[in-house]
Structure formats: structure tokens, C-alpha cells
Amino acid sequence: MAKEGYKQQANAFKNSCRVYLKEKEQIRKLEEKYPALAETEVSEDTFRIDLTEENGRGNLELCQFLKDDCRFVEETFQKISERCGNNAKVLIWALFVENRIQTDVAEEFGLTRRQLQYSVDKWMKEVFADGG
């Protein structure tokens with residue numbers, strides 16, 4: 001059961017990383033177009049948030065979803081840095097956010113592809129094995 005939970009969390013993190021930069025850009029564009037969204041804190045209950053009609057509930061929910069997903073990625077990278085070190089953070093960022101090829105990243109850091117895979121798997125387990 002714990003192994004399945006780890007896999008789900010790790011896959012969710014990898015998927016969120018793939019779109020992280022695009023989501024950050026989309027948040028920036030939404031907040032630029034609708035400045036009130038930048039000032040609005042994320043809330044579990046979006047019905048309680050008072051926005052003008054021009055901002056629209058759909059834009060608010062989209063912005064909240066994007067911010068939540070980006071926060072998940074950022075908090076996970078903070079955990080990686082704290083538990084595994086800055087090198088782990090840099091390698092995982094290159095692989096999952098920048099979507100770089102394993103062989104290129106491994107070569108850049110003086111590792112074999114297999115060493116890189118082993119290290120990333122070890123670090124991901126370190127971060128997600130206990131439930132996040």
C-alpha cells in the first residue's frame with residue numbers, strides 16, 4: 001500500500017513538473033489581465049471570495065488551480081533540497097521541469113545514466129516514501 005502511495009505521489013509530482021513553467025506563465029498572464037486575481041488568496045471555498053464580474057469565477061478557479069499545482073511543485077522541491085541536498089534539487093529540476101534527456105543531464109554532472117536513475121529514485125523515495 002505504501003509503495004502504491006509513493007508511486008502515485010511521485011507520478012503526480014513528475015506530471016506537475018512537466019507543466020510547471022507553462023502554469024507559472026499562465027498565472028502571470030491571468031494576473032496581468034485581471035489584477036484582482038493577484039491579490040486574491042487561495043481559498044478552499046471560492047464562493048466566499050468577492051470578485052467583480054469582470055474577473056469571473058472561471059478565471060478565479062483556474063488561477064487557484066494553477067497556483068495550487070505550482071505550490072505543490074515548489075514545496076516538493078523545498079523538501080528535496082532539505083532532505084537530499086541542493087544537487088538533488090538541481091538534477092531533478094533539470095529532468096522533470098526542464099524536461100532534459102537523462103543522458104545529457106548525467107553527462108553534465110559526471111554520472112552514468114544508470115547512476116542518475118538510481119540517485120533520482122533514491123531521492124524521490126526519500127521525499128515521498130513517508131507520505132510526502
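Q: Where does Asn99 lie?
A: In this predicted model, Asn99 lies in the loop between H4 and helix H5 (102-108). Asn99 is not a glycine, yet has a positive phi of about 55°.

Q: Why is Asn99 called partly exposed?
A: The relative accessible area of Asn99 is 46%. Partly exposed covers the range between under 20% and over 50%, so Asn99 is placed there by its 46%.

Q: What makes Phe13 and Phe96 an edge-to-face aromatic pair?
A: The structure holds six aromatic pairs. In the one formed by Phe13 and Phe96, the rings are 6.1 Å apart centre to centre, with 80° between the planes. A pair needs centres within 6.5 Å, and edge-to-face needs planes over 60 degrees apart; therefore the values for Phe13 and Phe96 satisfy both conditions.

Q: Which parts does the pair of Phe13 and Phe96 tie together?
A: Phe13 belongs to helix H1 and Phe96 to helix H4 (residues 86-97), so the pair links parts that are 83 residues apart in sequence. Phe13 and Phe96 also belong to one aromatic cluster, together with Tyr20, Phe72, Phe77, Trp93 and Phe128.

Q: Why do Phe13 and Phe96 count as buried?
A: Buried means under 20% relative accessible area. Phe13 has 0% and Phe96 has 13%, so both values meet the cut-off.

Q: How do you know that Glu23 has no salt bridge?
A: Glu23, in helix H1 (residues 2-33), is buried, and the nearest side chain of opposite charge, Lys24, is 9.1 Å away. A salt bridge requires a distance within 4 Å, so Lys24 does not form one with Glu23.

Q: Which residues is Glu23 in contact with, leaving aside neighbours within four places in sequence?
A: Glu23 contacts Phe65, Leu66, Asp69 and Cys70.

Terms used. Residues numbered from 1 in each chain as written. Predicted model: local features only at pLDDT ≥ 70, side-chain atom pairs only at ≥ 80, totals over all residues. Heavy atoms only, no water. Helix = DSSP H or I, 4+ residues; strand = E, 2+ residues; numbered from the N terminus. Buried < 20%, exposed > 50% of the residue type's maximum accessible area, 1.4 Å probe, protein only. Lys, Arg positive; Asp, Glu negative; His and termini not counted. Contact = heavy atoms within 4.5 Å. Phe/Tyr/Trp six-rings, centres within 6.5 Å; stacked < 30°, edge-to-face > 60°.
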